[in-house]
Amino acid sequence: MRYDVIIVGAGVVGCAVARELSRYRLDVLLMDKECEAGFGTSKANSGIIHAGHHGDPATLKGRLEWEGNQAWDRLADELGFGFERIGELTVAFDDDDRRTLSELEAQGRDKGVTGLERWDAERVRREEPALSEEIVEALFAPTAGVVNPYEACFTLAENAHANGVVTSFEDPVISIDRIDDGFRVHGRNGTVDGRFVVNAAGLFADEIAAMVGLDGPTIRARKGEEYLLDKRLQGYVKRLIFPSPTPTSKGVLIIPTYDGTLMVGPTAHWALKDDLTTTAEGAAEVFEKVRRLAPGISERDCIAEFAGLRAVAEGEDFVVGATAVPGFVQAAGIQSPGLTAAPALAEMVVEALKDEGLALQADPEFDPRLAPPVRFATASAEEQAALVASDPGYGRIVCRCEIVTEGEVVDAIERGARTLDGLKFRTRAGMGRCQGGFCTWRCMELLSSEADMPVPAVTKRGGGSWVVLPREEAGRGH
Amino acid sequence: MSENAATETRHYLCTGCPLGCRLEVEALDDEIVEVRGFSCKRGKTFAYQEFTDPRRSVSTTVSVDGGRWARLPVKTAEPIPKPKVQALCDALHEIRLRAPVKMGDVVMQDALGTGIDVVATRDMPVGDASVVGA
Amino acid sequence: MVTDRFEQLAPAYDVIVVGGGPAGMAAALGARETGAERVLIVDREGEAGGILHQCIHAGFGLHWFGEELTGPEYAQRFFEQVVEHEIDILTDAYVLDAEGDLGVRVMSERYGMRTVAGSAVVLAMGARERTRGAIRIPGQRPAGVMTAGFAQKLVNQAGYMPGKRVAILGSGDIGLIMARRLVLEGAEVVGVYELMAHANGSNRNIVQCLHDFDIPLHLSTTVSRIHGHERVDKVTVAPVGEGYTVLEDQGSDVVCDTVLLSIGLIPENELSRELRLRLDPATGGPVVSGSMETSRDGVFACGNVVHVHDIVDHVSEEAILAGRSAGAYATGQAPKPDNVRLVPGENVRYCVPHTISTEREHVVHMRVTRPFEACTLRLGDVHARPLRYAFPGEMVTVKVRPRILKEFHGDTLKIDVVPREEGMSA
C-alpha cells in the first residue's frame, strides 16, 4: 500500500497533523505502537492549555505557546471534547517571586497574551480561600485552560479517520528503508510505502530518525509523577495554581482537571524511557510542595497516581520541520507546552511538508466536526431522562463513581475502544474513587459481547496486559 | 519415655475465639498423651479434633450453563476429612450443570465416599450470563 | 432468585431502601413490621443480596438463624422473606441523587429516569474496598493489581482466575479467604504480607486459609514496589520498621503475576454527602441516633455504610432496627429523642450509635484501638463489665439497658476499655 504521508506516532502532535492533512485529498496513514491514540506521553500529560506567557519567546516552544493557546476553543467546539478556560494563578511568597511574576507578566504582554492581572494577597485569599496565607501576590492569567489530553487525541484521530485517514494501532515501526520517491516503513502489522514521513514518535523520535540515517537530536525522558485526589475535593481550588517558576521547571501544581478531579504534580526528574514508576520520594515531594500552596491537601486524599515521560530533545526546545533527509519531517522533543502548542505545531509540520513538495489540494468533503460523545454524568436532568428514554442502555449504570452508563460504554466500543484503558479514557469508567472495583467486570462483559472477543482476550491496554485467565490455564493443568 | 516410643508434638492455633491460644498436642504412637495451651473447654475439644480427625467445610463453585451467573456456589453439607478437600474441589471442577437449580439441590452425592453430599447454596434461575463461563 | 417481581414502579413509597444487600433487605423487613405498607428496595446489581453472593464460604447466620450458612444461603433466606412480605425490589437500578424532601432520583434500564418519593429513606449502600491509590504503592501500573473482593467476584461469579501466581497484601479476612479460594482453584499463592505486627483476620481463617495450605504469612512486611510494564511480573516485599517506615533496602523480590489488595473497607457515603448528613470521621459513616436515624429527619442508615461490620448477623440486627424506625416514622411516629451522647474514650476508636436514650434498650457497637486480653469495658463511671478479650478486628457489642444508666444523670457518656487490674475476678 502506498500513502502520500505516513505519520509515525499518534500522540497529540501526530493526531493533530493527521487531522490537518485530512483537509486535503491525500492518502494518509497514522500509526502507533500503543493500542489507542495518545497512549504514550500524551495521556499522562497534565492537561493544561498554558496561558501563553510562560515560555521564553526566544524558543520555539515559547513562541508557539500563545499561538497554540488561541486555537483550542475552536478545536474543542469542532471536535466535541471538553475544554474550559478556568484561569491560572502563579503565586509569589517573597520579593524574589514578585520579581519573577513581573518578568512573566512582561513576557506575556510582549507576546500579546490578554487579560494578565496582578492580584494582591487579599484578592487571592478572597478568590481562593484554600491557598496558603503566606502568599503575598499572584499573577492571574484568564487564558489558561484545562482539557483531557487523551480526549483531544481520540477526537483528533477519530475526525481524521472520518475524513479518510487510515489508522493502525499496536503497530510499532521496526525499520524504514529509503526508496525511490519516498520510504518503505516496516511495521509489526505489515509494510507500507509513503512519499513523506512525519516523525512524531515522542520518546522514540530519535530511534525513528536514526532509521533513515539521521543523526540526532537525542531524546531523553524526564519523568513527572502526578497524584489524583478524591472527587470530594472538587472546587477546593477553582483555578490552576502555579508556584513561581524556576529556570528549570514550572513546579508542582494544583490542577483542577476538566472533570473536576483535583490533580497535584508533576515532578521532573531524568529517567529511562521505560520508567513509568511512581515512587515514595515522588509522592513525598509532590505533597510537600503542594502543601506549601494549599496547606489543607494531604496524601490521604489520594485515590490514584501515575507517571508520564516528557520527550526532551537536546537543547530543550521543540525540533520541528524538514531534515537532512528529503521528505522526512519531524516534530520531536515535544515537552511542555507541547499539548498547548499542538495545533500550531501541526500547521508548522504541514507547511514543512508543503515545502518538501507535498501538493495540498483541499478536499471539499472534509468535515471538521465530530459529534461529541454522550456524557451522561454532566447532562441535565432532562437530557438524562431523554437519553434513557431513547435507549435503555443509558439507564444501566456501569461506573457508579463517575456515573457512566452502559450506553456510553457501548458507544465507546463503537468508536474504537477495545481495551479497558480504551474504555476508561473515553468514558471515565474506572477513574473514580473505587478505581474500577464495580465497573471493570461490566466493562469486560461489554467488550466481550460488543467487540466479539472472549473475556480472557480483554486487556488493560493491549499487548501482554491480560486481565484474567480461563480456569484451565490458571490451574494445575485441569 | 521408653526408647521405643515415637512421641510427637503437634501445634495448632485455636480458632475458637480471637485469643488464638497456641495449642500443643503431645502424642505417643498416635495416641494423645496430653493437650496443653488451651484456656477454655472449646480449645481442648478443638485440639483433640484437629489431631484425631481434622475436618473442613468446603465451599466452592461449579460450572452452570444458562443461568444468571456462570458459576453456582456449592458447599459440603457437613465438614469432610481435611485430606480430601483438594481432591473434592478437583472433582467438582468436572461438573457442569444447567440452570435452573434450586438451593439445596444435591450436586454431588456421597462426595468421594465420605457419605456427605455437596449441595447448591442458592437458586440459580435461568438467565443471561452474557458470557458462558470458562 | 426472582427479581423485579412487581409490575409497576410506584411514584411514592412509605420507605425507600437504598441498597438491597443484607442491610437493605433486613431494613425493608423492619419497615414492614412497623406499619409501612409500600416499601421499595433499589439495588444496582441484577439481583438483591449485595456482597453476599460472592462470599460463598460459611460463617454467616450463627446468631441470626442459629445455624452456620454460606453468604448466598443467608442472602436467599432474606430474599425469600422480602418477597413474602411483598416488598418491591428494583434491580439494575441506581439512585443518582436525592430530590426534594425525601425523594430519590432512580435510573434503571426498565423504568428509565424516575423520581420516587418516600416518607422515609434508609441508606444501606455498604462499603467499597480501599485501592492501591490509598496507599500509593510505588512502581508501574501493570494489569494484575486488584482488590481481593474484585478477584472474589471474578472467581466465584464470573468463573475466571485473576492469575496463576498471587501475592496478597493485607491479612484481613477477605485476603485470607481469597488465599484459600485461589489455591483450591489451582493457583499458587506466594504469600500474604501484612503491614502490622499481628494478623487482621480471624484465627479460624488463619488456620483454614493459610496453615492448611502452607501459605506463609509475613508480618510487619509490605509490598514496597510493583514491577511489570503490561502485567505484573514481580513485587518487592520489605519489612517495616518504627512508625511503619518501609525498609526498602532490606526488601526482596517475589515473582508473581497478580497482586491482591486486602487493605480495608470504606463506607460508601456519596449519597449521604449529597443529603448533607453529618458524618463521623472515625467511622466514615453518618452520625446516627439510637434508632439509627441520621442527622436528617426521616433518613436512616444501617450496615456497612454506617461502620464496617465483621459479622453479617450484626448487620441484620442493626438494619431491622433502622427499618422499624423508618417504618414508624413513615406512619407518623417520629422516633423519641435521645438524651445521651456516646463518646469513644480510652482505647475506643468509635461507638455506634452516637446517641442513646436512658429510657430504652440499645445495642452499642464499638472497636478498640489495640488488642486486649482480659479487660474492662467502662460506661462512664456507672457501669463496668469484664471482657475476656477485645480486638480491633472483632467489633465489641454491648447491650445497654436503662437500669444500667439509672445512676447516670449527665448528657455525655464516655466508653472506655482498660486493662483489667490485677486481682479483679473475670
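Colleague: How many residue pairs are in polar contact between domain 1 of chain C and domain 2 of chain C?

Modeller: The count between domain 1 of chain C and domain 2 of chain C is five residue pairs in polar contact, with both partners at pLDDT 80 or more; that confidence limit belongs here, as this is a predicted model. On the side of domain 1 of chain C that touches domain 2 of chain C, the residues comprise three nonpolar, three polar and two charged.

Colleague: Where do these domains lie along the chain, and how far apart are the C-alpha centres of domain 1 and domain 2 of chain C?

Modeller: The assignment splits chain C into domain 1 (2–128 + 266–330), domain 2 (131–263) and domain 3 (340–425), and the C-alpha centres of domain 1 and domain 2 of chain C are 32 Å apart. Contact is a matter of heavy atoms within 4.5 Å, and by that test eight residues of domain 1 of chain C meet nine residues of domain 2 of chain C.

Colleague: Which three residues supply the most of the area that domain 1 of chain C buries against domain 2 of chain C?

Modeller: The area buried between these two domains of chain C is about 710 Å², with carbon and sulfur atoms giving 40% of it. On the side of domain 1 of chain C, C:Gln54, C:Ile56 and C:His57 supply 68% of the area buried against domain 2 of chain C, more than any other three residues.

Colleague: How many salt bridges cross the interface of domain 1 of chain C and domain 2 of chain C?

Modeller: A salt bridge is judged by whether the nitrogen and oxygen lie within 4 Å, and across this interface the rule finds two. In the salt bridge of C:Arg204 with C:Glu68, the closest N and O atoms are 2.9 Å apart.

Colleague: Turning to whole chains, how much area do chain A and chain C bury between them?

Modeller: Chain A and chain C bury about 4400 Å² between them, 55% of it on carbon and sulfur atoms, and A:Arg400, A:Arg433 and A:Trp441 supply 14% of the area that chain A buries against chain C, more than any other three residues. In terms of contacts, 60 residues of chain A touch 48 residues of chain C.

Colleague: Which polar features join chain A and chain C, and which element gives the largest share of the side of chain A?

Modeller: Between chain A and chain C there are seven salt bridges and 22 residue pairs in polar contact, both partners at pLDDT 80 or more. Strand S18 (302–313) and helix H13 (439–450) are among the elements of chain A that give two or more residues to the side touching chain C, and S18(A) gives the largest share, six residues. That side of chain A divides into 29 nonpolar, 15 polar and 16 charged residues.

Colleague: In which sense do S23(A) and strand S11 of chain C pair, parallel or antiparallel?

Modeller: The strands S23(A) and S11 (residues 160–161) of chain C pair in the antiparallel sense over two bridges, and C:Tyr160 in S11(C) is the bridge partner of A:Pro470.

Colleague: Which residues and helices of chain C face chain B?

Modeller: The area buried between chain C and chain B is about 3100 Å², and C:Leu184, C:Asn203 and C:Arg388 supply 19% of what chain C buries against chain B, more than any other three residues. The rule finds five salt bridges across this interface, and in one of them the side chains of B:Arg122 and C:Glu47 meet at 2.7 Å, N to O. Helices H2 (71–84), H4 (148–158), H5 (173–184) and H6 (203–210) of chain C each supply at least two residues of the side that touches chain B.

Note on methods. Residues are numbered from 1 along each chain as its sequence is written. Chains are lettered from A and ligands numbered from 1 in the order in which they are written. This is a predicted model: local features need pLDDT of at least 70, side-chain atom pairs count only at pLDDT 80 or more; totals for chains, interfaces and linings use all residues. Side-chain values use heavy atoms; hydrogens and water are left out. Buried area is the accessible area (1.4 Å probe) that two parts lose on being put together, summed over both. A polar contact is a pair of N or O atoms within 3.5 Å; within protein, one must be able to donate a hydrogen and the other to accept it, and residues adjacent in sequence count only if both atoms are side-chain atoms. Helices (H or I, at least four residues) and strands (E, at least two) are DSSP runs, numbered from the N terminus. Ala, Val, Leu, Ile, Met, Phe, Trp, Tyr, Cys and Pro count as nonpolar, Asp, Glu, Lys and Arg as charged, and the others, Gly among them, as polar. Two strands pair if DSSP finds at least two bridges between them. Domain bounds come from an automatic or database domain assignment.
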